[in-house]
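Biologist: I am new to this structure and would love a close look at one part of it. Could you pick a single residue and walk me through its surroundings?

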Amino acid sequence: MYIYNVTTNIEETSHDTWVKWMKEIHIPEVLSTGKFLSAKFTKVLIEEDMGGFTYSVQYTVKDKATLERYYEEDATKLIDSIQRNFAGKLVSFKTELEVIDEYFVQRATATHYLFTYGTLQEREVQLGVFSRPLTGFEDELPLYILSDKKVADLYPTLHYTGQQEDSIKGQVYTLSHQELQKADIYEGEAYERIQIQLASGKNAWAYIAK
């Protein structure tokens, strides 16, 4: 996994407008390209000799090839948007970081079961969404099949049949309440979270297309 880091020093006179624009417009536009898994918007806690305020945005991306596609397909348009809105008001530089390894503290407050059958089983996605890899177990969801219709023609969803012979194999992960909310954000407006009962008898959450 890679981190695409953009560090920016913004003039004090444009600071509030720029922060609002970054949070409400620019960062969502970068994520909407579909190239990145997540973003962190942070303030650098130093006093700059040049004045102003310094911020860092860290975008996580699955691999170098995906980042190169971002440069080729999206970066120019997004950089032009920055210049149109804040020309002469900021200075930015970019850094690419390769994640060599990650270490995590075991979370003791995980209380929700989440049944997954798609991209949330991918380690890179888990790191981007939850900042940790998930350890799960296999289970089955009875009375459902995977729908022939995919969300945005790409992503799978569930279809309830009510037939005893139908079931879907998947992975079940234990999440905290905060992590479950992060999963909601990742799945987006196209999915809703429903309660289901697994073949093991456990009650869990699952995502289904609206």
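Modeller: Happily; here is a walk around S56, followed by a look at the nonpolar cores. This is a predicted model, in which local features need pLDDT of at least 70 and side-chain atom pairs count only at pLDDT 80 or more, while totals for chains, interfaces and linings use all residues. Residues are numbered from 1 along each chain as its sequence is written, and side-chain values use heavy atoms, with hydrogens and water left out.

S56 sits in strand β3, residues 53–61 (strands are DSSP runs of E of at least two residues, and helices are runs of H or I of at least four, numbered from the N terminus). With a relative accessible area of 7%, S56 is buried (under 20%; exposed is over 50%, partly exposed in between, with a 1.4 Å probe and protein chains only). Setting aside residues up to four places away in sequence, S56 touches N5, V6, T7, K40, F41, T42 and V44 (contact means heavy atoms within 4.5 Å). With N5, the link is a polar contact between the two side chains, at 2.5 Å (a pair of N or O atoms within 3.5 Å, one able to donate a hydrogen and the other to accept it; residues adjacent in sequence count only if both atoms are side-chain atoms). T8 lies 48 residues from S56 in sequence, yet their C-alpha atoms are 6.3 Å apart.

Now for the cores. In the largest nonpolar core, of 27 residues, F115, L158 and I196 touch the most other members (such a core is a set of buried Ala, Val, Leu, Ile, Met, Phe, Trp, Tyr and Cys residues joined through side-chain atoms within 4.5 Å). Strand β11 gives the largest share, five residues.
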